[in-house]
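Here are some short exercises to work through with the model open beside you. Try each task before you read its solution.

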Amino acid sequence: MLRWSDIVKFAKYSNPEPPRRMEQSEEAWAAQLTPAQFHIMRQKGTESPYRNAYCRSYEPGIYACVGCGSKLFDSTTKYHAISGWPSFTQPLTKSAIRYAFDDSHHMQRIEAQCNVCGSHLGHVFPDGPEPSGLRYCMNSESLVRLSLEEI
Ligand SMILES: [Zn+2]
């Protein structure tokens, strides 16, 4: 189980090796993604709280990256965080996500990116529920939930 000290170490020193890598030009991303997805995933935008697809959704399944299909979160780690965005306590695997310090907007945060395609997903905070104490605060636009039949 990842804890906050692991996340800080990843951001500070080196991230877990991704299972594969996907790279393409920003033009190709713009053609593949919707404008809202492109703004969030490639320009590090943030969608509106509460008014997003997965904030209050707790159907079983696996959440994958909209950009590359990499599986990121299991619905069993999703919890109600009152933040207005879908929140998880752990990634599906240690290598699913990479981390980077983000000092934008006069805040010190740790950004979560898809480890396969580098797209922005959201941020990680140390105020989640025990035992991990982590809150992966994600944008719904970056995720697609695969139902149990689709996995
Ligand atoms: Zn991805």
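**Exercise 1. Find where Thr 77 sits, and decide whether Thr 77 is buried, partly exposed or exposed.**

Start with the loop: Thr 77 falls between strand S2 (71-74) and strand S3 (78-79). Strands here are DSSP runs of E, at least two residues, and helices are runs of H or I, at least four, numbered from the N terminus. Before counting, note that this is a predicted model: local features need pLDDT of at least 70 and side-chain atom pairs 80 or more, while totals for chains, interfaces and linings use all residues. Numbering starts from 1 along each chain as its sequence is written.

Now count: Thr 77 has 17 C-beta neighbours inside 10 Å, so Thr 77 is partly exposed (buried means 20 or more other C-beta atoms within 10 Å, exposed 12 or fewer, partly exposed in between, with C-beta placed from the backbone).

**Exercise 2. Which residues does Thr 77 touch, leaving out those up to four places away in sequence?**

Look for contacts (C-beta atoms, placed from the backbone, within 7 Å). You should get Phe 88, Thr 89 and Gln 90. For Phe 88, 11 residues along the chain from Thr 77, the C-alpha atoms are 5.2 Å apart.

**Exercise 3. Work out the strand order in the open sheet that holds S2.**

Pair the strands first (DSSP must find at least two bridges between them). S1 (residues 62-65) and S2 run antiparallel, joined by 3 bridges; in one of them, Ile 62 partners Asp 74 of S2. The 3 strands then line up as S2-S1-S9, with antiparallel pairing. S2 and S9 (143-146) each have a single partner strand, so one side of each lacks a neighbour in the sheet.

Definitions and conventions
Contact = placed C-beta atoms within 7 Å.
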